[in-house]
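Me: Could you walk me through this model? I'd like to learn how to read its features one by one.

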Amino acid sequence: WDIGPGGYQLGAYPAPFSEWNDKFRDEVRDFWRGTPGMIGKMAARISGSAQQFDHDNRPATSSVNFLTAHDGFTLMDVVSYNEKHNQANGEDNRDGHSANHSDNMGVEGSSDDPKLSAARARRRRNMLATLMISQGTPMILAGDELGNSQMGNNNAYCQNNALGWVNWDATDPEFLGFVRNLVAFRHAHPILRQKRFLHARSRKIDNRTDLFWRRADGRPMTEADWEDPERRLLAFEMRTASGTPDYAALEYALFVVINNGGPRFVSLPAPPEGHVWVRHIDSARPGAPPRPHMGRTRIRGRSVVAMVLEPAEPPSEPASRGE
């Protein structure tokens, strides 16, 4: 609790404590709702919020990253309501947090418009994909994987009824399948679950940096790029951290693109000989099978893509250059 002057001290706990990171919650929500100037903040959250947590031998897992919790909007309500709707709580809508960093995407509340429903589902996939590729410890609110709503009530502790219950009968199977894939992807890749912070330092195993931020054209991010308030695309390579013991160091890498702008062609890092980048996660095509890519690849607008550096196999079809 952060009651009183000076009460808010995110990151000030010592090891071995972990802390809920509300900066992750608010800034990821802001990025995906289109708030300008969020690229640098997104990079900080994705890499484990080191400014807050990298001290006194605290591990990178100290940051509990989350989008939603028992207080506040559900994930569905984050993309469906601009304002809290707590009238049923009996306090004239005065209770609950008023700064929700939410966006109803044009209509306040639920909608039968299939295009709006699809856009909201895509944004929820984007936010959960961001959560699951970020360094730290992810936390998912029960029901968010199903598409659960509290009808805009962000303080439902007093509602022991259908408003506050998880509606299992309203499960979105496609969305649930995407979340399952995200969880499996994170479990399969220790690079996403490291205890050492990534600080773009060279590794002994291959002299490559453990974290490398790139522009769409493949070049390194410049100071001007980081300060550009209209920049909507962030791409990065991620490896096991510099300083990882030899027995735990891994030679492969992940390449992730987070794009809240229009469709873009992105230049992939040159893979080592005999390797190729394989797309495993694509929030714009949640059911697509893994597919190898080389050179430049098209990243759809408003999407998250995660690729894995894998040994090349004799292809049954040419590696994609355009999708």
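Me: How much space lies in the second largest pocket?

Reply: Two things to know up front. This is a predicted model, where local features need pLDDT of at least 70 and side-chain atom pairs count only at pLDDT 80 or more, while totals for chains, interfaces and linings use all residues. Residues are numbered from 1 along each chain as its sequence is written, and side-chain values use heavy atoms, with hydrogens and water left out.

Now the general idea: rolling a probe the size of a water molecule over the atoms shows where empty space is left. On a 1 Å grid over the protein atoms alone, a pocket is an open set of points with protein on both sides within 12 Å along at least five of seven lines, a cavity is a set where a 1.4 Å probe fits but cannot get out, and lining residues have an atom within 4 Å of a point. Grid points are joined across faces, edges and corners, and a volume is the space filled by probe spheres set on the points. Here, the second largest pocket has about 360 Å³. It is lined by 19 residues, and Met76, Ser80, Ser110, Gly147 and Ser149 are the closest to its centre.

Me: Which helix gives the largest share of that pocket's lining?

Reply: That's α5, with 4 residues. Helices are DSSP runs (H or I, at least four residues), strands are too (E, at least two), and both are numbered from the N terminus. α4 (75–78) and α5 each supply at least two lining residues. By class, the pocket's lining has 6 nonpolar, 10 polar and 3 charged residues. Ala, Val, Leu, Ile, Met, Phe, Trp, Tyr, Cys and Pro count as nonpolar, Asp, Glu, Lys and Arg as charged, and the others, Gly among them, as polar.

Me: And how many cavities of 30 Å³ or more does the structure hold?

Reply: Just 1. The largest cavity has a volume of about 40 Å³, and its lining includes Trp32, His101, Asp103 and Met127. α1 (22–32) and α5 (114–132) each supply at least two of the lining residues.

Me: How do α1 and α5 cross?

Reply: For this you compare axes, which are lines fitted to C-alpha atoms (for helices over the stretch in contact), with angles from 0 to 180 degrees between N-to-C directions. The axes of α1 and α5 come within 10 Å and cross at roughly 140°. That makes the pair oblique; under 35 degrees counts as roughly parallel, over 145 as roughly antiparallel, 65 to 115 as roughly perpendicular and the rest as oblique. The crossing of α1 and α5 is right-handed, while α1 passes α2 in a left-handed one. Left-handed means the near helix is turned anticlockwise from the far one by less than a right angle, and right-handed means clockwise.

Me: What is the strand order in the sheet?

Reply: Strands of a sheet pair through backbone hydrogen bonds, either parallel or antiparallel. In this open sheet of 3 strands the order is β1-β2-β3, with parallel pairing; two strands pair if DSSP finds at least two bridges between them. β1 (19–21) and β3 (137–139) are at the edges with a single partner strand each, so one side of each has no neighbour in the sheet. From one strand to the next, the twist averages 40°.

Me: Where is the cis peptide bond?

Reply: Between Ala15 and Pro16, with omega about 10°. Pro16 is in the segment before β1.
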